[in-house]
Amino acid sequence: MHSFLESASGIVWGPVLLILLVGTGIYLTLRLGFLQFKTLPYALKLAFKPGKKQEKEKGDISHYQALTTALAATIGTGNIAGVATAVVLGGPGAVFWMWITAVFGMATKYAEAILAVKYRVEGKDGKMSGGPMYYLERGLKQKWLGVLFAIFGALAAFGIGNMVQSNTVSDVMDSTFNVNPWITGILLTIFSALVIVGGIKSIGRVTAFFVPIMAIFYVLGALIIIFLNADLVPAAFGLIFSDAFSANAVGGGILGTVIRYGVARGVFSNEAGLGSAPIAAAAARTDYPGRQALVSMTQVFIDTILVCTMTGLTIVMAYGQEYAGLDGADLTTNAFQVFLGDTGMYIVTLGVIFFAFSTIVGWSYYGEKCFGYLTGNRAMTAYRVIFVAFVLIGAIAQLDTVWLFADVMNGLMAFPNLIGLLLLSGVVAAETKKFLKVAKEEKEEEKRARYNNS
């Protein structure tokens, strides 16, 4: 089974999917007129300074809570271990290709969210449900693709969004603080249950408080390293850019080893194109799909351009092209230790714990919504209980096969989602045009209000 899944993972995450992921982002960027470059400041303002009338709109959580729920699921071990693996396998230039993936991935994430809100449905309990399964069924009129996505998503949630994360936490707790995996598993299960059983409103409240703290804590540690060693920064950036285009780097495969690992780990980190984050976007209170889509777009910027860059830059500053035989979280930990000693080790260890826990919380909602789509929203409480139980299993088990299985499921999620994005790109463009007109009118109204008050 392990060998089969290893082969399947190599096929699923091969050049075809990577080209499709980046190609979709490039196509949407062109079709939307480079929207992510023009509207990023406005999008960040929407995310962190919501308007008063938002509370009156339909939805379960605020723009900001939808963003932090999605960030909770994506800011995970990929930002620490995934970046390190990309640098080891692809070289320092992989960081550059992570940036490229993120730039175009912002357009992909925007399109996912705009479709998720447009085609979401309101249940009998008044709660919203949306995501790829709904826009594939209601927008594209291809329910079978929606069913496929929901199956892959519900299964992936137990792996990459659950057991793999709890196992990572138990490993670092054991190696750093010598805590028995059973103790870690029990505590993690209790904390997960307290958040998850309450549903999306509970998840939204917790992530709104939790995500900024964990991200700032980790990024601040990296920024301290960068500022205290500013003389190393130009050389590190120079190595990243030169390696990204070196003949040696781009000659290693169909896309080039450096490009392949940069793109793959970039997508693994921010999940643009996988179809997971729009499930959270669909729950947001918003008047126009385009408004929430812009907020969702900022997730890729925060996750990859900010957090992943901090990891990649620190590693390159510490080691250049020589990585002392280390990989994953161990490499990142050692890089932080080079500059901050044991303090660096604790920063990365706590970062892994916080990031992994947040991923469990975010992915619980994704898996639940995929499961609900398949069952007509029956047995949802049972699903939450089972999901929480698997947190403990993950903390005490060996998960090589589970990781590969989740990796395959994640990749398979992307195919129906990307088909939907490409074929519904006309709808995305129309909704964008409609909202940008509204946004322009709102901006002019604000100017008039400021003038009249002055």
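Q: Which residues does L115 contact in this predicted model, leaving aside its neighbours within four places in sequence?
A: In this predicted model, L115 is in contact with Y135, G420, L421, L424, V427 and V428. Contact requires heavy atoms within 4.5 Å, so each of these residues has a heavy atom within that distance of L115.

Q: What makes L115 and Y135 notable in the largest nonpolar core?
A: The core has 131 residues, and L115 and Y135 are among those that touch the most other members, together with W13, Y110 and L294. Membership of such a core requires a residue to be buried, so L115 and Y135 are both buried.

Q: Why is T184 called buried?
A: T184 has a relative accessible area of 5%. Buried means under 20%, so T184 meets the definition. This residue is found in helix α9, residues 181-196. Beyond residues up to four places away in sequence, T184 touches V169, S170, M173 and V179.

Q: How many cavities of 30 Å³ or more are there, and what space lies in the second largest cavity?
A: The count comes to three cavities, and the second largest holds about 80 Å³. Elements giving two or more residues to its lining are α2 (15-31), α6 (94-118) and α13 (257-270). The largest share, five residues, comes from α6.

Q: What makes a residue such as G25 in the lining of the second largest cavity count as polar?
A: Gly is counted among the polar residues, so G25, one of the lining residues, is polar. The lining as a whole divides into six nonpolar, five polar and no charged residues.

Note on methods
Residues are numbered from 1 along each chain as its sequence is written. This is a predicted model: local features need pLDDT of at least 70, side-chain atom pairs count only at pLDDT 80 or more; totals for chains, interfaces and linings use all residues. Side-chain values use heavy atoms; hydrogens and water are left out. Helices (H or I, at least four residues) and strands (E, at least two) are DSSP runs, numbered from the N terminus. Buried means under 20% relative accessible area, exposed over 50%, partly exposed in between (1.4 Å probe, protein chains only). A nonpolar core is a set of buried Ala, Val, Leu, Ile, Met, Phe, Trp, Tyr and Cys residues joined through side-chain atoms within 4.5 Å. On a 1 Å grid over the protein atoms alone, a cavity is a set of points where a 1.4 Å probe fits but cannot get out, and a pocket is an open set with protein on both sides within 12 Å along at least five of seven lines; lining residues have an atom within 4 Å of a point. Grid points are joined across faces, edges and corners, and a volume is the space filled by probe spheres set on the points.
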